[in-house]
Amino acid sequence: MDEQQRKEMRVSVDIDIEVNQILVSEYPVVLPKILPMKVLNISVGGVLLFSHLDLKLGLYLCSTVVFGGSEMNVVCEGIRKEEQQDGYYYGCKFRGLTRCEEQVIRKFVFEEQLRSRMLRCANAN
């Protein structure tokens, strides 16, 4: 992980997504059905995904995701995998984001962190 990625703000989330295409060496793989995954945390550098399926690292996962009302087509590369009792965690890097898409994700992360802190403060009182 490079220095810039460590500096990016990250937030825990619980977002269901559907991977609609997988790329292997830039070649699309036809999926017999949509691959459901869950986004567990996100930063402008990437996401932590959860799946019950054991996927190879290096695959490019393509999905349409809504962040704060903005729908985006994203591609992320699986670079880290951790097996758990009930499935697999995949650390993924976003690939090919535009500056505008990065700004949408930064805004979403900031708003989610703010919402989470406000909720914690309200529950503490």
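**A buried serine, the nonpolar core and an aromatic pair**

Ser43 is buried, since its relative accessible area is 1%, and burial is defined as a value under 20%. The model described here is a predicted one. Ser43 belongs to strand 3, and its side chain comes to 3.1 Å from the backbone nitrogen of Gly45. Leaving aside residues up to four places away in sequence, Ser43 is in contact with Glu8, Met9, Arg10, Phe94, Ile105 and Val109.

One of these partners, Ile105, leads to the interior of the protein. The largest nonpolar core comprises 30 residues, and those with the most contacts inside it are Met37, Ile42, Leu49, Leu61, Phe67 and Ile105. At least two residues of this core are supplied by each of the following elements: strand 1 (11–24), strand 3 (35–43), strand 4 (46–51), strand 5 (60–67), strand 6 (70–84), strand 7 (87–95) and helix 2 (99–124). Strand 1 provides the largest share, with 6 residues.

Met37 may be followed outward from this core. With residues up to four places away in sequence not counted, Met37 touches Ile15, Asp16, Ile17, Val19, Leu49, Phe50, Ser51, Leu55, Leu61 and Tyr90. Two of these neighbours, Leu49 and Leu61, are also listed among the core residues with the most contacts inside it.

Another neighbour of Met37, Tyr90, introduces the aromatic residues. Across the whole structure, a search finds 3 aromatic pairs. One of them joins Tyr88 and Tyr90 in a tilted arrangement, with 6.3 Å centre to centre and 35° between the planes. Both Tyr88 and Tyr90 are buried.

Definitions and conventions: Residues numbered from 1 in each chain as written. Predicted model: local features only at pLDDT ≥ 70, side-chain atom pairs only at ≥ 80, totals over all residues. Heavy atoms only, no water. Core = buried A, V, L, I, M, F, W, Y, C linked by side-chain atoms within 4.5 Å. Buried < 20%, exposed > 50% of the residue type's maximum accessible area, 1.4 Å probe, protein only. Helix = DSSP H or I, 4+ residues; strand = E, 2+ residues; numbered from the N terminus. Contact = heavy atoms within 4.5 Å. Polar contact = N/O pair within 3.5 Å; in protein donor to acceptor, adjacent residues only side chain to side chain. Phe/Tyr/Trp six-rings, centres within 6.5 Å; stacked < 30°, edge-to-face > 60°.
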